[in-house]
Amino acid sequence: VVALSMLGGFWLLIKDVSYVAEQVSSQLQIVVFLSDQANLDHISAKIEKLKGVNRVLQISKQQAKTSMASELPEINDILKDDNPFPDAIEVVVNSPEKMESVVNQIKDIPGIEEIQYNQELAERLYEIEKMIGVIGLIITTILSIATLAIVINTIHLAVNTRKHEIEIMRLVGASNWFIRLPFVLQGFLFGVISSFITALILFAWRIFSLTQAQKFFQFLPIPSDHVALIQIIAGIAVLGIGMGILGSFVSVHQYLRVDKALED
């Protein structure tokens, strides 16, 4: 339970951090300013078809003027008979690493006056996403091996306490699978029970941590649903049961192999 809870808690943390990084990345935009002679609808349609573009948002000259006037009412008189704002298009890419490629494609479209984007921030976010993935894989592997080792040692203790029963079964001609079956079932029950308890712990922790995170980090796009939690609980259940069975099989197999070697 302790091993699975640590593993599940770490998975949940990685999921949340990845979600925040993806949400921040999705807010990265390329702002394209058009020349006075350019057709907003035509260029917007071209950009939307480019590889790596997620969505585009058109901002006409009038919309830009209205938005600026709502934020700074004092410029209404200055811009009463004039509109210096160009047509613009906000472009959202699928992922940060594609931003440079999308910008290069946009530059080839006629009618583009200027392009503004933050390539340095995009590269940093991409590096963070890769780092999260690598760290997650390493720690998940370590915790999985540790969990398997705990299960193997636990079942091995059970095998040692029943070694006399196993010897009697071997003397009366019981097959190896007949001897293994009770321990495999025991490992299966270990996996089921520990996965159920871990699910309760993770659910309680999720409710508590989510409430605190939303309270103290309101500016972060923290996921409020339980989709990630359900996925992790399902993964923990499969992993717990699988490791319980595998640990039992390995422990009994090692014992039977050693016992057979001693007989020989």
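Which element gives the most to the lining of the second largest pocket? I started my notebook with that question and worked outward from the pocket. The model is predicted.

**Entry 1: the pocket**

I looked up the lining first. Helix α5 gives the most to the second largest pocket, with four residues. I then noted the volume of this pocket, about 220 Å³. Its lining has 14 residues, and I listed those closest to the centre: Val 1, Ile 150, Val 151, Phe 190 and Ser 194. Four elements give two or more residues to the lining: α1 (2–26), α5 (119–161), α7 (176–216) and α8 (227–263). I sorted the lining by residue class. Eight residues are nonpolar and six are polar. No charged residue is in the lining.

**Entry 2: the chain as a whole**

Next I stepped back to the full chain. I counted eight helices and four strands. How do the elements run from the N terminus on? I wrote the order down as α-β-α-β-α-β-α-β-α-α-α-α. The chain has 264 residues, and buried residues make up 35% of them. I looked up the accessible surface too. It comes to about 16000 Å². Carbon and sulfur atoms hold 63% of that surface. Then I checked contacts with a separation of 6 or more. Residues 24 or more positions apart account for 80% of these.

**Entry 3: the nonpolar cores**

In soluble globular proteins, nonpolar side chains tend to be buried together. I went looking for such groups here. The largest nonpolar core has 20 residues. Which of its residues touch the most other members? They are Ile 30, Val 32, Ile 47, Ile 89, Val 91 and Ile 106. The elements giving two or more residues to this core are β1 (29–34), α2 (40–48), β3 (88–93) and α4 (99–107). I noted α4 as the source of the largest share, four residues. Apart from this core lies another, of 11 residues. Leu 143, Ile 232, Ile 236 and Leu 239 are among them.

I followed Ile 47 in more detail. Leaving out residues up to four places away in sequence, Ile 47 touches Val 32, Val 53, Val 56, Ile 89, Val 91, Ile 106 and Ile 109.

**Entry 4: Ser 5 and its contacts**

I moved to helix α1, where Ser 5 is found. Is Ser 5 buried or exposed? Its relative accessible area is 16%, under the 20% cut-off, so I marked Ser 5 as buried. I then listed what Ser 5 touches, not counting residues up to four places away in sequence. The partners are Thr 198, Ile 201 and Leu 202.

**Entry 5: Ile 201 and Leu 200**

From Ser 5 I crossed to Ile 201, which is found in helix α7. Ile 201 has 39% relative accessibility and therefore counts as partly exposed. With residues up to four places away in sequence left out, Ile 201 touches Val 1 and Ser 5. I looked up the spacing to Val 1 as well. Ile 201 and Val 1 are 200 residues apart along the chain, yet their C-alpha atoms are separated by 9.2 Å. Val 1 had already come up in the pocket, as one of the residues closest to its centre.

Leu 200 was my last stop, also placed in helix α7. Its relative accessible area is 51%, over the 50% cut-off, so Leu 200 went down as exposed. I closed with one more distance. Leu 200 and Ile 233 are 33 residues apart in sequence and 9.3 Å apart in space, C-alpha to C-alpha.

Notes:
Residues numbered from 1 in each chain as written. Predicted model: local features only at pLDDT ≥ 70, side-chain atom pairs only at ≥ 80, totals over all residues. Heavy atoms only, no water. 1 Å grid on protein atoms, 1.4 Å probe; cavity = no way out; pocket = protein on both sides within 12 Å on 5 of 7 lines; lining within 4 Å. Points joined across faces, edges and corners; volume = space filled by probe spheres on them. Nonpolar A, V, L, I, M, F, W, Y, C, P; charged D, E, K, R; others polar. Buried < 20%, exposed > 50% of the residue type's maximum accessible area, 1.4 Å probe, protein only. Contact = heavy atoms within 4.5 Å. Areas by Shrake-Rupley, 256 points an atom, 1.4 Å probe, with all protein chains shown as cover. Core = buried A, V, L, I, M, F, W, Y, C linked by side-chain atoms within 4.5 Å.
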